[in-house]
Every structure is written in C-alpha cells, then in structure tokens.
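Okay, thanks for making room for me in the meeting. I'd like to walk you through one model today, starting with a bit of vocabulary and then going around the structure piece by piece.

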Amino acid sequence: MNNVKLSDRLQLLLEQVPEGSRLADIGSDHALLPVAAVESGRVPSAIAGEVNSGPFEAARRGVAEAGLGNKITVRRGDGLEVLEPGEADCITIAGMGGSLIAAILDRGQKLGKLSGVKTLALQPNVGEDILRRWLLGNGWVLISEHILEEDGKTYEILTAIPESSGAAGGNEQLYREQVLGGGQVVCDQALLLQMGPFLLQAPNKVFVAKWQGEIAKLEGILTSLSRSELEAAEEKRSKLTLQINRIREVLECLPKDRL
Ligand code: SAM
C-alpha cells in the first residue's frame with residue numbers, strides 16, 4: 001500500500017482535523033483527504049461524500065486501491081445529506097466556491113446534520129467572505145485561518161467550532177473593531193469579514209500578493225468604467241476608488257513580522 005501524497009493545500013487542510021475525529025469529507029472526489037487521514041493514523045475512520053457519479057466512482061476506487069474499504073465509507077448524495085446526525089465530529093469541505101460551501105452547510109444545519117459536529121475545516125476557492133458571513137450568522141466561530149499559494153493559485157483554509165463550545169471571546173471578540181498601524185486604520189466588521197480576522201493579524205506574503213491582485217482587478221474595472229459617462233458609472237467609480245484605497249491603507253499598515 002503506497003501512502004497517498006497530498007498537495008500542500010490538502011495537507012494543510014488535513015492538519016486542521018483534530019486527531020481521533022470521526023471525519024466526513026464532503027465533495028471528496030478521489031477521496032484523497034480521507035485516505036490520507038486514515039493512512040496517517042490521524043483519524044480512525046472516515047466518510048467520503050460525493051454528489052456526482054464520476055467523482056463518486058473515483059472515490060470508491062481510491063478507497064479500494066488504498067485497501068481502506070473497512071475504514072472509509074463512500075456515499076453518494078448532495079452535501080451533508082449523506083450523514084446521519086451525530087455521525088461525524090469533523091467535516092471538511094474543499095475545492096468549491098464559498099457560496100456553495102455555505103449553501104451545503106446551511107441545508108445541512110437545517111436538517112440537523114451539524115449536530116455534534118465539533119470542527120468545520122473549509123477550503124473555499126473563492127468567496128471566503130461569504131463563508132465567514134455564514135459562520136458568523138449561524139453560531140460558528142473561526143479558530144484559525146491559513147492562506148497558501150500552490151501552482152499559481154491562492155487558497156484560504158478556514159477552521160471553525162461551534163460558538164456554544166465556549167470559544168474564547170467568541171464572535172463578538174473576533175469581529176470587534178481592530179486597529180492596525182498604531183491607529184492609522186480601523187478594521188470594522190465588514191473589512192474583517194472580507195479579508196479575514198486572523199489573516200489580518202498575522203499576514204504573510206501570499207496574503208499581501210492576493211490583495212495586491214485584488215487591487216489590480218478593481219483598477220482594471222475602474223479603467224473600463226472611465227469610458228462611460230453614465231451617472232451610474234460615476235457612482236460605481238467612486239465606490240471602487242473607496243474600496244481600492246481602503247485595501248491599500250490596510251496593506252500599508254499590516255504587521256510586518258512575517259512579510
Ligand atoms: N475536495 C476535493 C479537493 O479539494 O481536492 C475535490 C474538489 S472538486 C473541485 C469539488 C467536488 O465537489 C467535485 O467532485 C464535485 O462533484 C463535488 N460536489 C459539488 N457539489 C457537491 C455537493 N452539493 N455535494 C457533494 N459533493 C459536491
């Protein structure tokens with residue numbers, strides 16, 4: 001049996017899974033994460049959920065080839081529907097947009113599938129702010145955020161626990177206004193949701209590059225709008241300019257120890 005070698009992205013996600021968890025990986029595709037989690041001894045058993053037939057078959061093959069059919073169950077279904085309430089205590093969802101992950105969690109929560117879940121480890125490809133907003137609005141508290149670059153793409157990993165578990169300070173403290181650069185920039189809740197409360201506290205080079213890229217995108221939109229004389233375009237230009245300036249100010253005031 002050859003141990004599966006994970007990408008840096010999935011390896012970092014795996015590291016957020018508490019040891020000994022009953023893991024459910026939703027949207028598992030080839031089941032790489034649950035296979036690595038069980039092979040490495042991090043978790044005793046796992047469930048791999050997949051909605052689409054191709055990835056579902058790939059997951060079954062991956063588990064069979066690893067010889068782990070007795071420890072990993074592959075189930076076909078939409079989102080958290082594949083779980084019985086109380087069956088998993090850590091859920092990982094990776095490689096989808098933040099709004100799809102939030103929709104999966106939302107449906108699952110309404111069906112009681114998140115009861116007993118102690119950790120959510122999530123890796124949205126885009127729309128991290130949407131996911132942070134869902135967690136905040138639904139009783140989950142972020143306990144860590146990571147950002148990494150792999151093969152020219154930037155990924156964020158958000159880990160959350162239930163607010164009811166008494167996470168120190170909870171969401172109130174997490175999204176309280178933060179001051180950067182000795183008071184020059186005040187990060188309000190909207191900005192913390194957009195950029196990430198932990199990432200703003202301990203930014204690295206990847207974080208800075210991501211937001212420089214966002215500035216470049218917004219400037220591109222600004223340039224294309226500059227050709228329009230419509231009143232609505234003028235309004236949009238002012239909003240974009242404010243956004244760009246805000247991100248620039250934040251980047252200038254970030255703590256520099258990891259940059
Ligand atoms: N999680 C793996 C990773 O990060 O490498 C695979 C990511 S792949 C890009 C996204 C997977 O999510 C696809 O295999 C897709 O079939 C699955 N998926 C999308 N929506 C889903 C849903 N509602 N329920 C379960 N799986 C879903």
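So, vocabulary: when I say two strands pair, I mean that DSSP finds at least two bridges between them. And keep in mind throughout that what you have on screen is a predicted model.

With that in hand, look at S1 and S2. They pair in the parallel sense, over 5 bridges. If you want a place to put your cursor, take Leu23, which stands opposite Ala46 in S2. S1 runs from 22 to 26 and S2 from 45 to 50. S1 is also mostly covered, with 4 of its 5 residues buried.

Now go along the chain from S1 towards H2. In the loop between those two you'll find Ala31. I'd stop there for its backbone: phi of Ala31 is near 60°, so to speak on the positive side, in a residue other than glycine. Is Ala31 buried or exposed? Buried, because its relative accessible area is 0% and the cut-off for buried is under 20%.

Then comes H2 itself, residues 32-39. How many of its 8 residues are buried? The count is 7, so this helix is largely enclosed by the rest of the structure. The buried ones are Leu33, Pro34, Val35, Ala36, Ala37, Val38 and Glu39. Yes, there's a Glu in that list of buried residues. And what covers them? The cover includes H1, S1, S2, H3, S3 and S4. H3 here is 53-65, and S3 is 72-76. After H2 you run into Gly41, again with a positive phi, near 85°.

Okay, the ligand. This may be the part you came for. There are 16 residues around it, and the closest are Arg9, Gly27, Glu50, Asp78 and Gly79. By class, the shell splits into 7 nonpolar, 5 polar and 4 charged residues. Where do they come from? H1, S4 and H4 each supply at least two residues of that shell, and the largest share, 3 residues, comes from S4. For your selections, H1 is 8-14, S4 is 90-96 and H4 is 98-110.

Let me give you some polar distances. On the Arg9 side, an N or O atom of the side chain is 2.7 Å from an oxygen atom of the ligand. For Asp78, a polar side-chain atom lies 2.7 Å from a ligand nitrogen. And at Val51 the partner is a polar backbone atom, 3.5 Å from a nitrogen atom of the ligand. As for how covered the ligand is, on its own it has 600 Å² of accessible area, and the protein covers 79% of that.

Staying with H4 for a moment, look at Leu105, which sits in that helix. Leu105 counts as buried because its relative accessible area is 0%. Skipping neighbours within four places in sequence, its contacts are Leu80, Ile93, Leu114, Leu120, Leu122, Leu131 and Trp134. And Gly79, one of the residues closest to the ligand, is 26 residues from Leu105 along the chain, with the two C-alpha atoms 7.8 Å apart.

Next stop, Pro124, in strand S5, residues 119-124. Pro124 is buried too, with a relative accessible area of 0%. Leaving out residues up to four places away in sequence, Pro124 touches Met96, Gly97, Gly98, Ile101, Leu131 and Glu156. You may recognise Leu131, which is also on the contact list of Leu105. If you measure from Pro124 to Ile161, 37 residues apart along the chain, you'll get 17 Å between the C-alpha atoms.

Last region, around S6, residues 140-150. Ser144 is in that strand, and at 15% relative accessibility it counts as buried. Beyond four places in sequence, Ser144 is in contact with Gln16, Ile157, Leu158, Thr159 and Phe198. Just past S6, in the loop to S7 (153-162), there's Asp151. Phi of Asp151 is near 50°, positive in a residue other than glycine. So, buried or exposed, this Asp151? Exposed, with a relative accessible area of 75%, whereas Ala31 back in its loop is buried at 0%.

That's my tour, and I'm happy to rotate the view if anyone wants another look.

Conventions: Residues are numbered from 1 along each chain as its sequence is written. This is a predicted model: local features need pLDDT of at least 70, side-chain atom pairs count only at pLDDT 80 or more; totals for chains, interfaces and linings use all residues. Side-chain values use heavy atoms; hydrogens and water are left out. A residue is near a molecule or strand if one of its heavy atoms lies within 4 Å of it. A polar contact is a pair of N or O atoms within 3.5 Å; within protein, one must be able to donate a hydrogen and the other to accept it, and residues adjacent in sequence count only if both atoms are side-chain atoms. Accessible areas come from the Shrake-Rupley method with a 1.4 Å probe; for residues, only the protein chains shown count as cover. Ala, Val, Leu, Ile, Met, Phe, Trp, Tyr, Cys and Pro count as nonpolar, Asp, Glu, Lys and Arg as charged, and the others, Gly among them, as polar. Buried means under 20% relative accessible area, exposed over 50%, partly exposed in between (1.4 Å probe, protein chains only). Contact means heavy atoms within 4.5 Å.
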